[in-house]
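Please look over the sequence and the fold below. A short report on selected parts follows.

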Amino acid sequence: MPRVTGLRCCSHKRTHTRTCEEASAMIWGALWRPRGCRRLFLPVIVASAVWTPLACAQDVRSAPAKPGPVFSDSGPDAEQYGAAEGYPVGRRGAAPELNKLVGSYSHFGEIYPSRRVARATAPWQFKRAPEPSITYSFGTEKLGIADYLKRNPVTGLLIARDDTILYEHYQYARTDHHRFVSQSMAKTLVAMLVGIAVSEGRIKSIDDLVATYVPGLAGTEYGSTSIRALLNMSSGVEFSEVYDGNDDIARLGRALFVDAPKDPAAIVAQFNTRTAPPGTKFHYASVETEILGLVLRAATGTPVADYLHDRIWDPIGTEADASWVIDGSGQEIAFCCFNATLRDYARLARLLAHDGAWEGRQLIPRQWLLDATTVRPADGHLAPHVATRYFGYGYQVWLLPGEQRRFALLGIRGQVILVDPASKLVMVHTAVRQKPNEPGALREPLALWSAVLQQLGQ
């Protein structure tokens, strides 16, 4: 990967002397506008259970002359990812192609119909600090953060401690103006909005049954499931999510993204076989977040994206518009497909690191954050090493093992936000891994995160 330092911007094949703002504007203004609709292979989110050794770090600092984002036109296997074609964007409804992943994952909100989430009226700015030199151990190797970027198909990597960005790098000619698709990281957003709706009395209790808010699901297994069980992915309703193109998530995706518009409640009602009592077994199922989105819309009387804007996106001072992909009925696809810039994801992560507080204002109830990221004694099936071989599960958020409360937002192909409330360290990681779900793919990002905590979490 070519070395690019300071605020110099790179686009494909050569280094330019334009300012970052000029280069970013050129890329942003050349968006591909897709048309047509074909068979869908929908990327949705799952986290493979992984084990990672504790990484070691050295507290060695380097001081670039001018701290700021760093841009590169290259990245691992750049030619396979479409570098020669300028990282083209895929078409709506088409199966994902490797040479279009970079373009598609940074223009997802333009490929599919989306609802705009306007940037804040009063943007809040991060401070900057010189980049730390981070080393981490992975297997028998001792590596630096530059090695990490050379080894992993990362489109953007940002590390911040509270209000200060320590590291912000982009690859594959992506910039700080690109909006990266969240995939299932969006699930955590939905859970936070449910908590706000509860605090406002719009949802009376998370122990209410779904049919209380979504009458279209009355008489179905999901309709007789509590909101709490959906938050914990513990409904007991059968739903397959293995990403082979023939599973339930593919059926759900085709119905929401490709087929003729239909009532989303009728779409999710087709999954109607219960295999376990609610609240007894963790089973990852994106359809359960989709139903939470229907509950939110019904309870608040507001589109989910608008509710997000008013309660979170505007108050945290976001600097750029975001977007949320919608289905044919105009309902947000709640289990995925929120799109935002890297720094705005970092603002969201900072809000979570402060347990829902932003500059003295409690946006998400603190107790909700604590409940969302802690396993109750009665919910042993959600504990780390039990829900999965590595992670536990809270309210639509992954829980890391260990005594310290730490958690993650995860999406397929390498979308990750990691949060440590104690140190206020966060790491935002967007990527284009070749497979939706690769066993062990999270080991190296978690090794890097462990090093970040050891080195910078003082």
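## Helix 13

Helix 13 is mostly covered. Twelve of its 14 residues are buried. This model is predicted. Among the buried residues of helix 13 are Leu446, Leu448, Trp449, Val452, Leu453 and Leu456. Glu444, Ser450 and Gln455 are also buried, as are Pro445, Ala447 and Ala451.

Helix 13 covers residues 443–456. How far apart are its end C-alpha atoms? They lie 20 Å apart. The expected span, at 1.5 Å a residue, is also 20 Å, so the two values agree.

## Leu189 in helix 5

Leu189 is part of helix 5, which runs over residues 186–199. Is Leu189 buried or exposed? Its relative accessible area is 3%. The cut-off for buried is under 20%, so Leu189 counts as buried.

Which residues does Leu189 touch, leaving aside those up to four places away in sequence? The contacts are Leu308, Trp324, Phe338 and Leu348. Leu409 is 220 residues from Leu189 in sequence. In space, the two C-alpha atoms are 9.3 Å apart.

## The hairpin of strands 8 and 9

Strand 8 spans residues 135–138, and strand 9 spans residues 141–144. The two strands run antiparallel. Four bridges join them. One pairing links Thr135 with Gly144 in strand 9.

Together, strand 8 and strand 9 form a hairpin. Two residues sit between the strands. Gly139 is in the turn and has a positive phi of about 65°.

Notes
Residues are numbered from 1 along each chain as its sequence is written. This is a predicted model: local features need pLDDT of at least 70, side-chain atom pairs count only at pLDDT 80 or more; totals for chains, interfaces and linings use all residues. Side-chain values use heavy atoms; hydrogens and water are left out. Buried means under 20% relative accessible area, exposed over 50%, partly exposed in between (1.4 Å probe, protein chains only). Contact means heavy atoms within 4.5 Å. The expected span of a helix is 1.5 Å times one less than its number of residues. Two strands pair if DSSP finds at least two bridges between them.
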